[in-house]
Number of protein chains: 2
Amino acid sequence: MGNVHPLEVPGGRPRRVPRYREIARRFARAIEDGILATGERLPSMRQLREDEGVSISTVSRALAELEELGLVSARPKSGYYVRPRIRLPTPEPVRPRTVAGATAVSVSELVARVYRDAQDPRIVHLGYASPATSLLPTLALARTMSAVARRDPVASVAQEMPPGLLELRSAISRRALGWGCLLPAEDLVITSGATEAVYLSLLAVANRGDTVAIETPAHYGTLQAIESLGLKALEIPCDSDTGMDLDELERRLDQHPASAVVSVPNFSNPLGSCMPDSSKERLVRRLAARGVPLVEDDVYGDLAFAGARPRPAKAYDADGNVLYCGSFSKTLVPGYRVGFAAPGRFRDRFELLKFAMNESTPTITQRTLAQFLRGGGYDRHLRWLRARLETNVARISAAIGEGFPDGTRISRPRGGCFIWVELPGGVDALDLHARALDAGVSIAPGHIFSPSQAHRNCIRLNCGEPWSEQIEAAVRLVGRLASRLRPPGDTIPTRTRLT
Amino acid sequence: MGNVHPLEVPGGRPRRVPRYREIARRFARAIEDGILATGERLPSMRQLREDEGVSISTVSRALAELEELGLVSARPKSGYYVRPRIRLPTPEPVRPRTVAGATAVSVSELVARVYRDAQDPRIVHLGYASPATSLLPTLALARTMSAVARRDPVASVAQEMPPGLLELRSAISRRALGWGCLLPAEDLVITSGATEAVYLSLLAVANRGDTVAIETPAHYGTLQAIESLGLKALEIPCDSDTGMDLDELERRLDQHPASAVVSVPNFSNPLGSCMPDSSKERLVRRLAARGVPLVEDDVYGDLAFAGARPRPAKAYDADGNVLYCGSFSKTLVPGYRVGFAAPGRFRDRFELLKFAMNESTPTITQRTLAQFLRGGGYDRHLRWLRARLETNVARISAAIGEGFPDGTRISRPRGGCFIWVELPGGVDALDLHARALDAGVSIAPGHIFSPSQAHRNCIRLNCGEPWSEQIEAAVRLVGRLASRLRPPGDTIPTRTRLT
């Protein structure tokens, strides 16, 4: 099973990829595949212009992109040359061992410690999984909010009871049509972020002591919800390309009856996998047949690097058995805490539970988002953001390839904003986290992504910060530290020195 | 045990009551007590100016207030006369029967139905328990938010992780000093409203199946949280003046071990009672000795009509055994959903649970409130609002006195924005609710304030709408409908006709 390199156009209809990027992608692939060897000279700009039938400025942008990616370098008055080959980590699927039974979950304190330790503002944040605020349209959002608050001061101060602002639900409903989902506004409930949507979904379908099947590795937020609700987790192994192993899921569900399955089919956190549509359909149908609800967390679906936005599993839900959860926190504005759910046949219960928990989601943030979506600002922003994140993932992958110890494996996500790194066995990620933090860099240790701590030699690196020398240096630092933490039997010499 | 009339200055240090209001109160009391009889002429304005040693304008404001309250009327060129005596309902304490054991709770669907039915915008809302938006500083809040969003667009978009914005926590901490509470900012956690704070408090101290002692009648929001968390409720009877019966609480806790006690010591919802400081101290000490945490809901504490803001029970908490919950939703801005908790020794667990539930409370609303509090706008608003609510409570009490059937009893709250009405036995409040709604008026039926539906002949009436002929007519309509619903054995004739 092949992992797809981030510069490759993945299956599905490629669309809206600018010409210069198409050219850059083709050459990047050629360099990776060895078709263009290290030191080789690229065709001249004039030649490229003729070959590709484009303007000189398009050629020039394509070459600039290849240069930014560290694949070629310009020599004055000579042209562009392929740089020494980056040793990319083997893109083998990550298939960690998992414990067979359902386990009690207790990661909350570890998560809190990991993130509390990283609160120093001087720290370089590779531990998060969100685009940095500098990649978000902060000024446009501030202007929109200001206009909305002043235009109708009374409405902004009044409470907007569940299911939430109709105008926002209608806008989400229209967007969902484009993902192949028919989600009428009346099926949607606005929540305070997708975390709350997942929490309420679990509360709606499971009782304390019940078992819930999850991906492994899984987003620690899901694990915290499971822990806080007194549920048990059944870990299902995943492929870093295609996501949850459905055969294994069915086998385990046969042995361990579960009240729900939680999955992030699109660009799962932290693995970055994207489940093929056929698997999504199979997952939805099999769970409906079993009567086991699927809680789908789709917060990264809007961050596909190329091609169409992937469909949610919800698109195949004929029985109302899927509780779909989304948000604007990972793509537009984390601080508004606006998410939404389409809880299917659990809608009424979900809405009651939402009201009991905190009555409603604030009004002004809902109104501002509805206005922003109406103006088309979200789609413009997404196009720009996806390109930035794709480039960041490629650059951080390259930096890992150059600076991490042999035996390192990485995910090759086609969307989202993070990379999952499997370090050579014996490297303890929590140890690495502590040392990196001492040196001013935060990472997310694998321990927080599994109740059985099945991923102790893995880390998740954020690709949501604007690329800078500081970020590159931080990635290389983590690589040097990882090399130093190799087990004693490993004899490859390291020349790293901490600064 | 006497209930205190809303126009009376309650025990404690009266402060900042304007002279004109002091005069108006004294005369109101004199009229109520029969010292000034119906038809009697009040002293002339000149006489009053001399007696009271105040200006003519102060005298004139005092008389205007008495006139507004419907206690006196002006006769041109003659003076002010005491109006025909309003038959005030007997202010006897309401002491409903309660079931002895702990009961499962299932009011959520009923609550949802009651409020869903009342969503027609043409309806007169006597069913809520909040000041109307027209009594809130909506324009000042909109301006503050606009300025805050534009001044720092990045900060407003970024996530503000628990425990929440330091500036807001510090402002709350300073306010708490004035209530006799030492609550350092680091002891506080910002929540999405007090409902969420109470929910998280219960989650922090109780497990599914546990019993929680509550007031009866109790805020239906608390009942919904209890239901949604799978807890059982132990109802403790209350006095409409002094709140929870502490002897009874101790007796019942001896028989039914509980994981927590939930109380609204200040202007409890829906009874409007205010627990004396000595009882608060006793409650806190006895529960600490038992090791049973107290969840204190203090959302109405800032709405005392006169005198100092009553102390929270938290002021007597020496052991961190009190989980204090407050908000700005009932006093300033319901739509922001900003509340806070001082969870005592449960603080760390509370913060973890908050993060697991929805990560954080939105940033912009916290920043706007912090700015608004810094500007002094909140205190100015509160002074104004309290006076309006006091007047509303007096007017609605008077309207009930004139229009409700004999045998009706009402609470005499000294703060908050609602009145609890006990109708003659046999009148079913849910039936009354349905008929009132048909006629365009929403009320809160007693059924939603008790898991054992112990208050079937009671209703809660909102006093948070600006006084108007429409409100007065709505109260009278409910009274006429209640008269018609008297049981058949009751022979007092009614002349009401539905319009």
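What rotation, and what shift along its axis, superposes chain B on chain A? In this predicted model, the superposition is achieved by a rotation of 179° with 0.0 Å of shift along the axis, and the RMSD is 0.3 Å. That is the relation of a two-fold axis. Of the residues of chain B, S146(B) comes closest to the rotation axis, its C-alpha lying at 2.1 Å. As for the interface, 100% of the interface residues of chain B are also interface residues in chain A, so the copies meet through the same surface.

In chain A, 4 strands are arranged as an open sheet in the order β13-β14-β17-β16, with antiparallel pairing. The edges of this sheet are occupied by β13 (409-410) and β16 (444-445) of chain A, each of which has a single partner strand, so that one side of each is left without a neighbour in the sheet. Within the sheet, strand β14 (residues 418-422) of chain A is joined to strand β17 (residues 458-462) of chain A by 5 bridges, the two strands running antiparallel, and E422(A) stands opposite C458(A) in β17(A). The pairing of β16(A) with β17(A), likewise antiparallel, comprises 2 bridges, and R460(A) in β17(A) is the bridge partner of A444(A).

Strand β17(A) is mostly covered, since 5 of its 5 residues are buried. In a regular strand the side chains alternate between the two faces of the sheet. Both faces of β17(A) are covered, with C458(A), R460(A) and N462(A) buried on one side and I459(A) and L461(A) buried on the other. Helix α14 (residues 377-403) of chain A lies across β13, β14 and β17 of that chain, and its direction makes an angle of about 20° with β14(A).

An open sheet of 4 strands is also found in chain B, where the order is β13-β14-β17-β16 and the pairing is antiparallel. Here β13 (409-410) and β16 (444-445) of chain B stand at the edges, and because each has a single partner strand, one side of each is left without a neighbour in the sheet. Strand β16(B) is joined by 2 bridges to strand β17 (residues 458-462) of chain B, to which it runs antiparallel, and P445(B) is placed opposite I459(B) in β17(B).

The packing of two helices in chain B was also examined. Two packed helices are described by the angle between their axes and the distance between the axes. For helix α4 (residues 108-116) and helix α9 (residues 220-228) of chain B, the axes come within 9 Å and cross at roughly 140°; α4(B) and α9(B) are therefore oblique to each other. The contact is made by S108(B), V111(B) and Y115(B) on the side of α4(B), and by Y220(B), Q224(B) and E227(B) on the side of α9(B).

At the level of a single residue, S263(A) is located in strand β9 (residues 260-263) of chain A. S263(A) counts as buried because its relative accessibility is 0%, which falls under the 20% limit for that class. The side chain of S263(A) is joined to that of E215(A) by a polar contact of 2.7 Å. When residues up to four places away in sequence are not counted, S263(A) touches E215(A), M244(A), M275(A), L283(A), L294(A), V295(A), E296(A) and D297(A). E215(A) thus appears both among the residues touched by S263(A) and as its partner in the side-chain polar contact.

Methods
Residues numbered from 1 in each chain as written. Chains lettered and ligands numbered in written order. Predicted model: local features only at pLDDT ≥ 70, side-chain atom pairs only at ≥ 80, totals over all residues. Heavy atoms only, no water. Buried < 20%, exposed > 50% of the residue type's maximum accessible area, 1.4 Å probe, protein only. Polar contact = N/O pair within 3.5 Å; in protein donor to acceptor, adjacent residues only side chain to side chain. Contact = heavy atoms within 4.5 Å. Least-squares fit on C-alpha atoms with pLDDT ≥ 70 in both. Pairing = 2+ DSSP bridges. Axes fitted to C-alpha atoms, helices over the stretch in contact; angles between N-to-C directions. Parallel < 35°, antiparallel > 145°, perpendicular 65-115°, else oblique.
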